[in-house]
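Please look over the sequence and the structure shown here before reading the report that accompanies them.

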Amino acid sequence: MITGKIIDSSIYTPDAVDPVVAATSLFALICAAGGGVVARQIFLTRAGENIVSDLRSNLFKSILKQEAAYFDTTRTGDLVTRLTADVQLVQSALTSDVVNGVRALVMVVGGSGLLLYTSPMLTAVSLISLPPVFLSSRYFGASIKKFQQQVQEELGATTTKAEEVISQIKTVRSFNGEALEVVNYEKKVQRVRDRAIAAGMRGAYLDGSVHVAANAGLLAILAVGGNMVGVGGGGGGEISPGDLASFLMYSLFVAGNTASLSTVYGSIQKTRGAAGRIFEIIDREPAIGGGAGGAGPTHKESRVAVGVQFEQVGFRYPAREDFVVLDGMDLELPAGTHTAIVGHSGCGKSTVASLLLRLYDVTSGTVKVGGKDVKDLPTDELRDMIAVVQQEPVLFGGSIRENIAYGRSDASEEDVLVAARAAKVTDFVETFPEGLDTIVGERGVRLSGGQKQRVAVARVLLRQAPVVIFDEATSALDAESEFAVTKAIESLVRDRTVVSIAHRLSTIRMADRVAVLEGGKVVEIIEDVGALDEEMLRGRGDSPFANLIRRQLSKEPSN
Ligand SMILES: Nc1ncnc2c1ncn2[C@@H]1O[C@H](COP(=O)(O)OP(=O)(O)OP(=O)(O)O)[C@@H](O)[C@H]1O
């Protein structure tokens, strides 16, 4: 506005305003605006970062809340991408796009007000650029969003691949698989690139068409406004030269900022794709509740042994609906007993443990712990009662001590030592200079299979849960260590209800009773495991167990 006034006064009243003074006073205004820029950046960056860190934490919490079946069908890399790249995209939208968008909007609205104030007629002329801007934003915006969503999905697949290969590098190397993995990875990366280019091209079309439309508006103003100055001539026209200059400057502001609004609109569409993927998980209600948000691992001193019942349990994995794993299984595990579950590989032994922990819900029938249906117990309470040593124990990247105390954050130094001694962790730890403080590496890579199993056993012993599941917990140990660890398990789990999933006869012999699982049912229960040897030696009977053990013995070198 002041620019226009300076031009008019230098034409009509050359002595009224000194252009240098006017320009200098404008400088103060510019300084104030500079201060505003600083404040804007600081406040909006802070707000953006706060929102993003909340978003990331909430997303992580929601991921951990999902039921086990969700992870059978969702790729890890996809979840990692949501936590990293998707959140990153939202972050840049919140910190820069929103800032630019708000500023551009204020400029467009304010500029338009000034346009109207200066000349309603020319403002009407400038409106010709609006319909094409609106239409191209709608048209290209939708496809930008679609392609960006695909970019994030493909990025998830790429991350999954990279993670899988890097974490299994020894297997890849031993099969000479590097070249093949590089090709596979490149294909995925190219898919990301193609989708990103497609999104970028739509963004370019949008920016280009907005540029043309906005500048066409400017040209129309020049054409019509130039004629309006001419009418009557010598300052007597419909609009003074200064006003036309101001009008053109406002129009430049409005056009420039409309163009940035369209860029911001494009990136907001991109962000909506990413944000949709984030909120898809945050808003997802897990099929089995509980998990994150509880008080964390606890330990209750007064534990009483509890019994477990499987009643007519039928089960199929949600990821493989057509395959029946359990089919009307009945099994009673009386409180304080030790039952070995045996059966062919893949018959569903580990599945029984997963159902007891309610990692999955049964398809039919009921699982009861302490007389209560597991579906009626809060999941954290249920899982607090059950301790498991998994078939392939997984350790976390900290020290051996931290790994043992994982299930019980309140454990004392002494408790940890007792458990470590009992599980024979101390035997191998003695040779490490750092002792229990030795760092085990990511997923425990710096320990041997048997050492990992011993740490996992110690972790479970420390929890002193009323129900303990050993899923082939000693399979990686040699006969001598297995005997020692099993003895320790026996002494520490007295009065508890124990389920061991076993293949080896030596492990089976530790139990009080044996349940044979076949065809999705318990087909035989042997209560007197002590009499087992004789029965087998006599080769008596044709029971499922006798058959299984005979086959097993023919494979085991000696026992
Ligand atoms: N998450 C899963 N999704 C789909 N199917 C699964 C899943 N986990 C296991 N299965 C299938 O369910 C069946 C039972 O598996 P489970 O792990 O319980 O067998 P298992 O008796 O413990 O075997 P093993 O003795 O070899 O450890 C198998 O046929 C397996 O392929």
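The report below takes up domains, annotated spans, nonpolar cores, the ligand shell and two backbone angles in turn.

The model is a predicted one. Its chain is divided into domain 1, residues 2-282, and domain 2, residues 386-464, and the centres of domain 1 and domain 2, taken over C-alpha atoms, are separated by 52 Å.

An unreviewed UniProt entry carries the annotation "transmembrane region" for residues 20-39, 212-235 and 247-268. Two of these annotated spans are set out in the table with their secondary structure and the separation of their end C-alpha atoms.

| Span | Helix | Strand | End C-alpha atoms apart |
|---|---|---|---|
| Residues 20-39 | 100% | 0% | 29 Å |
| Residues 247-268 | 100% | 0% | 30 Å |

Turning to the packing, the largest nonpolar core holds 76 residues, of which I386, V457 and A458 touch the most other members. Helix α15, residues 449-463, supplies the largest share of this core, with seven residues. When residues up to four places away in sequence are left out of the count, V457 touches V389, A423, A473, V485 and I489. Another core, of 22 residues, lies apart from the largest one and has L122, I239, Y250 and A259 among its members.

The ligand is surrounded by 14 residues, and of these Y317, S345, K349, S350 and T351 come nearest. By class, this shell is made up of four nonpolar, seven polar and three charged residues. Helix α10, residues 349-356, gives the most to the shell around the ligand, contributing three residues.

The backbone deserves a separate remark, since most residues other than glycine have a negative phi. Against that background, Q312, which is not a glycine, has a positive phi of about 50°, and R358, likewise a residue other than glycine, has a positive phi near 55°. Q312 belongs to strand β1, residues 308-316, while R358 is found in the loop between α10 and β4, the latter covering 364-369.

Is each of these residues buried or partly exposed? Q312 is partly exposed, because 14 other C-beta atoms lie within 10 Å, a count between the limits of 12 or fewer for an exposed residue and 20 or more for a buried one. R358, by contrast, is buried, because it has 22 other C-beta atoms within 10 Å, where 20 or more are required.

Definitions and conventions. Residues numbered from 1 in each chain as written. Predicted model: local features only at pLDDT ≥ 70, side-chain atom pairs only at ≥ 80, totals over all residues. Near = placed C-beta within 6 Å. Helix = DSSP H or I, 4+ residues; strand = E, 2+ residues; numbered from the N terminus. Nonpolar A, V, L, I, M, F, W, Y, C, P; charged D, E, K, R; others polar. Core = buried A, V, L, I, M, F, W, Y, C linked by C-beta atoms within 7 Å. Contact = placed C-beta atoms within 7 Å. Domains from an automatic or database assignment. UniProt positions renumbered as here; feature names shortened; annotations may be inferred.
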